[in-house]
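Me: Please take a close look at one part of this model, the pockets, and then at the helix packing that goes with them. A connected account would suit me better than a list.

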Amino acid sequence: MATPRSFSASGPLRGTITVPGDKSISHRALMFAALAVGESVIDGLLEGEDVLATAAALRTMGATIEKRSDTWHVWGVGVGGLLQPQPALDMGNSGTSTRLLMGLVASHPITATFIGDASLSGRPMGRVIEPLSTMGADITASPGGRLPLIVRGICPAIPIEYRLPVASAQVKSAILLAGLNTPGITRVIEPVAARDHSERMLAGFGAELTVETDSAGVRTISIRGETELRPQNITVPGDPSSAAFATVATLLVPGSSVTIANVGMNDTRAGLYKVLREMGGEIVTTNLRTVGGEPVADLIVHHSALIGIEPLPEIAATMIDEYPVLFVAAALANGRSVFRGIEEMRVKESDRIAVMAKALTDCGARVEELPDGLIVEGTGGDLLAGGATVATHLDHRIAMSMTVAGLVSRTAVTIDDMSPVATSYPGFEESLRALGVA
């Protein structure tokens, strides 16, 4: 059932919050633990609907996954030990669950049917289907390479060397996951670095994995298959994508000063914070430390006068999920912002370029949609007109980004459905209230 909400201009945001565990790391922690031999313990796991869909699927394939107090315990089946799932694997809205689990199934002698909600069923899976089919998996998809689809795994699969046509952590991870149960060495060549959580975590679990970078910055990730994974104790840092909303809201709402604790600062994920600083945003990184092999810090954010920017397309892979809320920041900046090379946004939970262009235009912002991006003319700090009802298209990041827009609008902005936010940030509205948003 849709849950509409309205948000309007806010007084200063103040206080300290923590954000939920990193979604990307949470998915991977469950999957790798499910392939280890023995008990892994995960602290800080994101308990959003997407991650819970991964957990449910792994249970149907033999892993034991339990929550005890604030920690999650996983007893794995070992590499090669996945069992035939009886029901279809319902991925809900989670593209990450779908693509990574397709990789897991591809090199096991099992067959799995993947289904999802209307939003996920509209997202193409062809870029994962291609390499996994090359490894020997038999994949039957709905028209356009979409869900529902059936993966008939093969064992032994064929090790491949695959050059990613576009930066994609999901495609890279799907191939590496398939390579875990494939004899020989599977290689992924990555011309532009995408988030590297899989490489970091696989190494921690004991996989035989190497990463080589040539003089041009091209990375080659190699994994030797059929290696036993060791159980681990994992602490999941706060999700930098979730922290983005409070960060931008604080920068835009006059008088605001907010601390966001325990945020993952992996270089392959933290591009937004670099761009916001280049726009003039005052974001101080403190208490930098390493947790579970990942850099983590506390962020102190103060209201700032932002200026327009034209970030290089190469940074897109480090912040692709954060562009919707960055568009909101640009809408109140001084001057023009130009965002190019982000056509990947058109195949997310929604066409995020088109949806954000319409939502911001309806709220009074001046934007121009490009085939691969967006041009935004900032107000110089003046409030947006607001007054719009935003169609989120079941996209959690659209909902949260336009909530931020509502906080800097003269007339309330109504979000048609806040329920998708539960996929990644179940306590989003509670976090805003803790900072003083009515």
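Reply: What follows starts with the pockets and then turns to helix contacts and an aromatic pair.

The model is predicted. Its largest pocket holds about 780 Å³ of space. The lining is made up of 40 residues, and those closest to the centre of the pocket are Ala167, Ser168, Ile320, Glu344 and Lys348. Four elements each give two or more residues to this lining: helix H1 (23-35), helix H3 (95-106), helix H6 (169-180) and helix H12 (396-407). H1 provides the largest share, 4 residues. Sorted by class, the lining has 16 charged, 15 nonpolar and 9 polar residues.

H1 and H6, which both contribute to that lining, also pack against each other, at an angle of about 5° and with their axes 12 Å apart. Angles under 35 degrees count as roughly parallel, and H1 is therefore roughly parallel to H6. On the H1 side the contact is made by Arg28, Met31, Phe32 and Leu35; on the H6 side, by Ala169, Ser173, Leu177 and Leu180. By class, this contact of H1 with H6 has 6 nonpolar residues, 1 polar and 1 charged.

The second largest pocket has a volume of about 220 Å³. Its lining has 13 residues, with Glu49, Asn93, Asp117, Pro420 and Thr423 nearest the centre. The classes here are 5 nonpolar, 4 polar and 4 charged.

Another helix pair is formed by H8 (residues 240-252) and H10 (residues 323-331), which pack at an angle of about 0° with their axes 10 Å apart. That angle makes H8 roughly parallel to H10. H8 makes the contact through Ala244, Phe245, Val248 and Leu252, and H10 through Val325, Val328 and Ala329. This contact of H8 with H10 has 7 nonpolar residues, no polar and no charged ones.

Phe245 of H8, part of the contact with H10, also belongs to an aromatic pair. The count of aromatic pairs in the model is 6. The ring centres of Phe245 and Phe428 are 6.0 Å apart and the planes stand at 75°, so this pair is edge-to-face. Because Phe245 lies in helix H8 and Phe428 in helix H13 (residues 428-434), the pair ties together parts that are 183 residues apart in sequence.

Terms used. Residues are numbered from 1 along each chain as its sequence is written. This is a predicted model: local features need pLDDT of at least 70, side-chain atom pairs count only at pLDDT 80 or more; totals for chains, interfaces and linings use all residues. Side-chain values use heavy atoms; hydrogens and water are left out. On a 1 Å grid over the protein atoms alone, a cavity is a set of points where a 1.4 Å probe fits but cannot get out, and a pocket is an open set with protein on both sides within 12 Å along at least five of seven lines; lining residues have an atom within 4 Å of a point. Grid points are joined across faces, edges and corners, and a volume is the space filled by probe spheres set on the points. Ala, Val, Leu, Ile, Met, Phe, Trp, Tyr, Cys and Pro count as nonpolar, Asp, Glu, Lys and Arg as charged, and the others, Gly among them, as polar. Axes are lines fitted to C-alpha atoms, for helices over the stretch in contact, and angles run from 0 to 180 degrees between N-to-C directions. Angles under 35 degrees count as roughly parallel, over 145 as roughly antiparallel, 65 to 115 as roughly perpendicular and the rest as oblique. Contact means heavy atoms within 4.5 Å. Rings of Phe, Tyr and Trp (its six-membered ring) pair if their centres lie within 6.5 Å; planes under 30 degrees apart count as stacked, over 60 as edge-to-face and the rest as tilted.
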